[in-house]
Amino acid sequence: MTETESGTIATDGRLGAEIMDRLHQLAGHSESAEGLTRVYLSVEEKAAGELLIGWMKEAGMSADFDAVGNVVGRYEGMTPGLPAVVTGSHYDAVRNAGSYDGMLGVVLPISCVKIMHEAGERLPHAIEVIGFADEEGVRFQSTLLGSRAIAGTLAPETLNKKDSDGMTMAEALTAFGLDPARIADAAHRPEDVLAYVEVHIEQGPVLEQEGLPVGIVTSIAGANRFVVRVRGQAGHAGTVPMMLRRDAATAASEMVLEIEKRCQGIDGLVGTAGQLFVPDGATNVIPGAAEFTIDIRAGEDREREAAVGDVMKSIDAIADRRGVTVEVETSHEERSANCAAWLMNMLRESVARAGIVPRDLMSGAGHDAMAIADIADISMLFVRCGNGGISHHSDETMTAEDADISAAILLDFFRRFRPKTN
């Protein structure tokens, strides 16, 4: 990866091939052979983390797990102890995921640092690469755990959350080989972080449709997530008249439809019930209990908060009318996060130097950058994904060519980075 006489970035494809090979190696650490499944503090995640640590050390970084299971690698600047440009993404995955969501943003900067290490190149700042241990929130239903720990905003009571087997997060940390009492050790001081930049696949179709390999993120949508538990009265499916039933499943179904109804037709607002099930259900039994999840997102916090309020009112009204009770647990709440203009401009310059027309776009998906925004200015580079932007699915794709171009852009960003001046 070199700079031409005209000042533009030139690539030769080798870095992209390395990145794709490593992403495929990481995908091998999965609960299932059919699609990638890797949850927080699992055996598979520990193996993936150890693989990342090995690559980080090969690239000249000091590296290890931190107190919550994040993988943290540091490449010193011209002198040890300088403030760092922090980059990274998550290395956990949803169930039956693809190989690139999150992992690209960890593997790609390691390869960039390796280029500098092999050339003996040091910068006026350190570079820190973080593989966040739990962004998806699959195991404990609480997202951005790893990045919140880095930002120093992880609530102590989070340690009491339980997974589906009844194991608390504190117990899982101990089983992983970590000390729950030392979680605060993962926190970074704001003065030690110059800026944060995250590389991530778009998880949408815009870049693919426009024929662009990358785009610059302007903001990340805020989100609310809830678990709703509906309690009615179980009964025999053949003997209880329809008008006398307190059916928890039909009540939950009507509530789910209200989410769809409220969130339709408003640009940037989306609502999803991603899980819906009947505990201990049977074909010939009226459901006495039902549970579902809610995920509501919007680029504008006021729009999201209004939708959440309306959905909650509808849930209460349906429960009253159907004679059921509801319990709503908040599992996640995150305000929208704006990317810093000065960092966006630096990314635009690097994108342009790669011969690509800069394209700004919003992220409807949440990212670790949202948590890091509490301690530093943030920025994001989106990378094109194929198959119409499919993500969170084994059909998720991207190309080695786009990985190569993205690595060239990030490396240029590192080399030309200058701290914000007040």
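A residue counts as buried when its relative accessible area is under 20%, as exposed when that area is over 50%, and as partly exposed in between, using a 1.4 Å probe and protein chains only. By this rule S147 is buried, because its relative accessibility is 0%. The structure is a predicted model, so local features need pLDDT of at least 70 and side-chain atom pairs count only at pLDDT 80 or more, while totals for chains, interfaces and linings use all residues. Residues are numbered from 1 along each chain as its sequence is written, and side-chain values use heavy atoms, with hydrogens and water left out.

S147 makes a good starting point. This serine is found in helix α4, where helices (H or I, at least four residues) and strands (E, at least two) are DSSP runs numbered from the N terminus. Its side chain is joined to that of D368 by a polar contact of 2.7 Å. Such a contact is a pair of N or O atoms within 3.5 Å; within protein, one must be able to donate a hydrogen and the other to accept it, and residues adjacent in sequence count only if both atoms are side-chain atoms. Contact in general means heavy atoms within 4.5 Å. Apart from neighbours within four places in sequence, S147 is in contact with F132, D368, A371 and I372.

D368 appears again in the surroundings of E198. The place of E198 is in strand β9, and this residue counts as buried because its relative accessibility is 0%. Leaving out neighbours within four places in sequence, the contacts of E198 are T87, G88, S89, H367, D368, A369, S379, M380 and L381. With S89 there is also a side-chain to side-chain polar contact of 2.8 Å. E198 and F414 are 216 residues apart in sequence, yet their C-alpha atoms are 12 Å apart in space.

Two loop residues come next. E136 is found in the loop between β8 (126–132) and α4 (145–151), and it counts as buried because its relative accessibility is 9%. Beyond its neighbours within four places in sequence, E136 is in contact with H90, D92, A93, V94, D101, T143, R225 and H392. The side chains of E136 and H392 are joined by a polar contact of 3.2 Å. What separates E136 from G235 in space? The two are 99 residues apart along the chain, and 37 Å lies between their C-alpha atoms. S336, in turn, lies in the loop between β17 (325–334) and β18 (337–338). S336 is buried too, because its relative accessible area is 18%. Setting aside neighbours within four places in sequence, S336 is in contact with I220, A221, G222, G299, D301, R304 and M370.

Helix α1 (residues 14–27) offers a look at how helices pack. Its axis comes within 9 Å of that of helix α2 (residues 43–58), and the two cross at roughly 150 degrees. Axes here are lines fitted to C-alpha atoms, for helices over the stretch in contact, and angles run from 0 to 180 degrees between N-to-C directions. The pair is therefore roughly antiparallel, since angles under 35 degrees count as roughly parallel, over 145 as roughly antiparallel, 65 to 115 as roughly perpendicular and the rest as oblique. In this contact R22, Q25 and L26 of α1 meet A48, L51, L52, W55 and E58 of α2. These residues divide into 5 nonpolar, 1 polar and 2 charged; Ala, Val, Leu, Ile, Met, Phe, Trp, Tyr, Cys and Pro count as nonpolar, Asp, Glu, Lys and Arg as charged, and the others, Gly among them, as polar.

The axes of α1 and helix α3 (residues 104–118) come within 10 Å and cross at roughly 135 degrees. That angle makes α1 oblique to α3. On the α1 side, L15, E18, I19, R22, L23 and L26 meet L104, V107, L108, I110, S111, K114 and I115 of α3. By class, this contact has 9 nonpolar, 1 polar and 3 charged residues. R14, also placed in α1, is exposed, because its relative accessible area is 64%.

Finally, the backbone deserves a word. Most residues other than glycine have a negative phi. N96, which is not a glycine, has a positive phi near 55 degrees. N96 lies in strand β7 (residues 93–97) and is partly exposed, with a relative accessible area of 42%. Q203 is not a glycine either, and its phi is positive at about 60 degrees. Q203 lies in the loop between β9 (193–201) and α6 (206–210).
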